[in-house]
Amino acid sequence: MFAAVMLVVVALGSVLFHFLSPWWWPPIASNWKYIDDTILITFWITGVVFVAVLLFMAYCVFRFRHRPGNVASYEPENRRLEWWLTVVTGVGVAAMLTPGLFVWDRFINVPAEATEAEIVGQQWQWSFRLPGPDGKLGTSSTKFITTENPIGLNPDDPNGKDDVVVQGAELHLPVGKPIKALLRSVDVLHNFYVPEFRAKMDLVPGMVTYFWLTPTRTGQFEILCAELCGVGHPMMRGQVVVEEAVAYQDWLDKQTRPVLADNDTAPANNKNEETR
Amino acid sequence: MTEIPLGPGGMSADVEDVELYHPHSWITKYVFAQDAKVIAIQYSLVALGVGLIALVLSWLMRLQLGFPGVFEFIDADRYYQLITMHGMMMVVYVLTALFLGGFGNYLIPLMVGARDMVFPYVNMLSFWVYFLAVLILVASFFAPGGPTGAGWTLYPPQAILAGTPGQEWGIVLMLVSLIVFIIGFTMGGLNYVVTVLQGRARGMTLMRMPLTVWGIFTASVMALLAFPALFVGAVMMLFDKLLGTSFFMPTLYSMGEQLKYGGGSPLLFQHLFWFFGHPEVYIVALPAFGIVSDLISVHARRNIFGYRMMVWAIIAIGALSFVVWAHHMYVSGMNPYFGFFFATTTLIIAIPTAIKVYNWVLTLWRGDIHLRTPMLFALAFIVTFVNGGLTGLFLGNVVVDVPLSDTMFVVAHFHMVMGVAPILVIFGAIYHWYPKVTGRLLDETLGKIHFWITFLGAYAIFFPMHYLGLMGVPRRYHEMLESTTYPASAHQLNIFITIAALIVGAAQFMFVFNLAWSLFRGREADGNPWGAASLEWQTPETPPPHGNWGPHVPVVYRWAYDYNVPGAARDFIPQNEPPPAVVAMQGHSP
């Protein structure tokens with residue numbers, strides 16, 4: 001009896017906690033509401049299954065508890081019931097997977113009008129690079145990094161001459177404009193994570209990864225590092241400021257361009273590892 | 001289930017016995033033992049010891065998370081060392097070793113009606129190599145710089161670079177220990193597989209084996225296929241660390257200088273690691289599935305529902321688990337088109353898994369449920385496994401994983417599904433088989449107190465933890481620090497979790513006490529105290545001596561689940577009880 005009651009308590013307690021506790025995701029600030037919707041679908045389907053299984057167990061534990069005269073039934077199989085349950089499960093799984101895959105398709109296909117912004121991670125800080133008036137980011141590689149060229153711009157690439165490099169400060173983004181974030185790390189794995197944006201992606205040394213989003217509301221959001229990157233991992237924070245186009249342009253105009261001497265010789269290193 | 005395999009002339013022939021190596025001294029009987037049952041106890045005791053260390057480590061990390069800054073000796077370095085060692089110890093050195101080395105060794109020969117494992121000497125070596133791996137791992141606590149703090153996933157480049165604790169000695173000892181462990185496991189694993197395939201008693205067809213054996217057998221096959229990937233990864237990373245190769249190391253600029261690495265791929269390690277790591281989840285889960293099926297059936301006095309489907313589900317899960325590994329890497333930067341494939345395979349695996357859950361609860365339905373301690377643990381397993389399995393549907397569904405990946409949601413999920421759930425099965429199994437191993441029952445009152453604290457406490461730790469992740473709290477933060485993202489009340493949740501963890505941890509020492517106390521003072525049990533049908537309960541002596549069966553190896557006439565068969569005299573029929581027709585024939589034969 002006690003066990004059956006506790007099973008009911010666990011089932012209903014979990015549901016109450018879900019609905020009554022103050023702990024929930026922060027309000028969304030990007031176009032990825034689809035992700036939230038898919039999570040909610042998943043919560044409903046899995047929640048119903050969880051409660052159903054627990055209540056059924058509670059019923060069995062109470063109804064079929066050992067008492068004098070209670071005899072268990074002998075029924076090795078019930079093919080019809082087993083197949084029926086299998087098919088219902090398959091339908092439930094498909095109901096979660098299908099929307100998930102459609103949203104994933106959107107997630108990985110960047111709209112053509114998205115502007116690029118580079119995010120560079122190193123232990124334990126964030127740097128950013130935005131294209132200049134030419135709209136193009138110059139190439140870069142870890143092998144070009146020196147104290148004067150901290151994120152490794154290619155000194156011979158004319159596209160990079162007008163790039164805006166932001167170090168140790170906020171990243172500004174215009175609201176309502178799709179951004180393709182190009183992610184690069186110079187040392188270890190990091191992960192660019194702004195909970196309000198929902199999207200996140202690892203920064204992997206030796207390659208460039210990406211994701212895209214459209215900020216949907218203005219405000220200041222915190223960047224967290226979400227991939228263990230050494231002892232400074234929790235301290236690796238940054239800020240994203242999403243603002244109206246005019247304010248964004250003002251900010252952009254105030255940023256300095258890096259000045260790199262053309263003859264800046266890069267250390268001879270692995271030539272086949274051009275990262276971009 | 002009704003066909004009767006008979007020997008020539010309608011007789012159940014005795015199988016010719018192979019002479020076992022019998023120990024001549026205390027050392028060969030209890031230390032360098034070749035009896036699978038002694039090896040099982042050696043494995044179990046060492047694994048439980050490692051488990052207690054891992055428990056203390058988890059206490060320390062929870063103290064830091066609940067009360068950051070209060071315990072000055074737990075700094076960031078120390079915290080990362082705690083989580084790394086806790087994770088690796090639990091996954092590999094406790095759960096894998098206990099299920100396969102412990103339960104596998106004890107139960108396979110007894111359940112299939114063998115006298116011992118087929119390669120007893122290799123079996124002995126397996127344990128001692130495992131013990132060596134444990135010593136190497138524990139030695140890293142005393143090495144200069146301490147154990148590695150790279151996280152249990154040991155991702156390079158971070159694992160072998162400055163900025164990560166234990167990057168000098170700790171990581172090397174960790175990798176060497178894993179390599180040694182895999183060598184030891186391979187010797188044991190071959191034994192388990194060959195014994196199941198070749199060592200079964202007459203009449204013990206594959207489809208009459210208890211699900212425990214099916215689970216351990218399938219897990220052993222999987223482990224033999226999965227561990228080599230980790231082996232290779234560990235060897236390559238050792239080379240990167242010690243010889244300066246660049247398997248996993250691209251051009252790097254670390255701590256203000258260009259390093260001499262170039263051309264390697266950090267993602268390659270992740271693929272190798274998870275090619276092992278995901279099957280590993282099921283290497284732990286399948287034995288638990290098998291064992292819990294048997295616990296439920298015995299204590300509900302009812303045949304396991306849908307046995308054949310259960311067997312095929314185990315095999316299907318085992319096979320599918322080799323094509324889902326990259327669901328751990330959705331946000332790793334791998335080719336994003338992999339997401340479609342791995343999300344689909346991952347969610348498909350939910351179907352055989354769900355079938356298993358249905359069949360467990362349908363075994364309860366119309367049963368005669370005895371709520372003894374093993375059964376309580378089995379029921380709690382279903383609750384936590386269903387909970388953790390369902391949150392797996394969030395994380396497996398690629399786009400849903402994006403916001404949740406690397407958050408506390410993941411920590412809560414995998415602890416529920418492959419931490420709490422299998423450990424509840426281990427407890428249930430120990431309460432269940434302890435009388436066979438020792439001849440005495442564990443104390444039932446202590447057992448029930450232990451159960452309720454552990455089950456409700458563990459649920460209170462990990463259920464709310466999902467919501468920390470939903471709020472956006474990343475995992476592997478030694479403290480949450482101030483944040484504009486999550487509210488200050490999140491910290492109160494952390495304090496609550498810490499208090500629950502301290503209580504649950506303390507309750508485990510009650511279990512350890514029960515193990516020791518009952519060995520001498522426990523109620524004496526006969527050979528089959530639960531009235532179970534499977535072979536291990538039918539040994540002539542309890543505890544069974546070396547060789548298990550006395551003069552005659554049993555002959556098997558039925559499956560392991562004949563409970564409350566209509567018309568039967570007792571509420572169970574042992575697997576080796578001949579049907580009336582055979583008894584009649586044997587009566588007439590000379």
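Here are four short exercises, with worked solutions, on the predicted model shown above.

**Exercise 1. In what order do the five strands of the open sheet in chain A sit, and which are the edge strands?**

Start with the order: reading across, you get β4-β10-β9-β6-β7 in chain A. The pairing in this sheet is mixed. Next, look for strands that pair on one side only: these are β4 (171–174) and β7 (200–203) of chain A, so to speak the two rims. From one strand to the next, the twist averages 25°.

**Exercise 2. Do the partners pair parallel or antiparallel at each end of that sheet: β4(A) with β10(A), and β6(A) with β7(A)?**

A quick reminder helps: the strands of a sheet pair through backbone hydrogen bonds, in either a parallel or an antiparallel way. Take β4(A) and β10(A): four bridges link them, in the parallel sense. Within that pair, H172(A) has V241(A) of β10(A) as its bridge partner. Now go to the other end. Strand β6 (residues 190–193) of chain A runs antiparallel to β7(A), and four bridges join the two. Here you can spot N191(A) opposite D202(A), which sits in β7(A).

**Exercise 3. Are the faces of β4(A) covered or open, and which helix lies across this strand?**

Go face by face. On one side, L171(A) and L173(A) are buried. On the other side, H172(A) and P174(A) are buried too, which leaves both faces covered. The helix to look for is α4 (residues 245–254) of chain A: it lies across β4 and β10 (237–243) of chain A and runs at about 145° to β4(A).

**Exercise 4. Do the lengths of helices α6(B) and α10(B) agree or disagree with 1.5 Å a residue, and how many of their residues are buried?**

Begin with α6 (residues 211–242) of chain B. Its 32 residues should span 46 Å, and the end C-alpha atoms are 45 Å apart, so the two agree. Along the way, α6(B) bends by about 30° at L224(B), with the proline P228(B) following within four residues. For burial, 25 of the 32 residues of α6(B) are buried, leaving the helix mostly covered. After the helix comes G244(B), with a positive phi near 75°.

Now try α10 (residues 350–364) of chain B. Its 15 residues should span 21 Å, and its end C-alpha atoms are 21 Å apart, so this agrees as well. Because 14 of the 15 residues are buried, α10(B) is largely enclosed by the rest of the structure. R366(B) follows α10(B), and its phi is positive, near 60°.

How values were computed:
Residues numbered from 1 in each chain as written. Chains lettered and ligands numbered in written order. Predicted model: local features only at pLDDT ≥ 70, side-chain atom pairs only at ≥ 80, totals over all residues. Pairing = 2+ DSSP bridges. Axes fitted to C-alpha atoms, helices over the stretch in contact; angles between N-to-C directions. Contact = placed C-beta atoms within 7 Å. Expected span 1.5 Å × (residues − 1). Bend = angle between axes of the 7 residues up to and from the residue. Buried ≥ 20, exposed ≤ 12 C-beta atoms within 10 Å, placed from the backbone.
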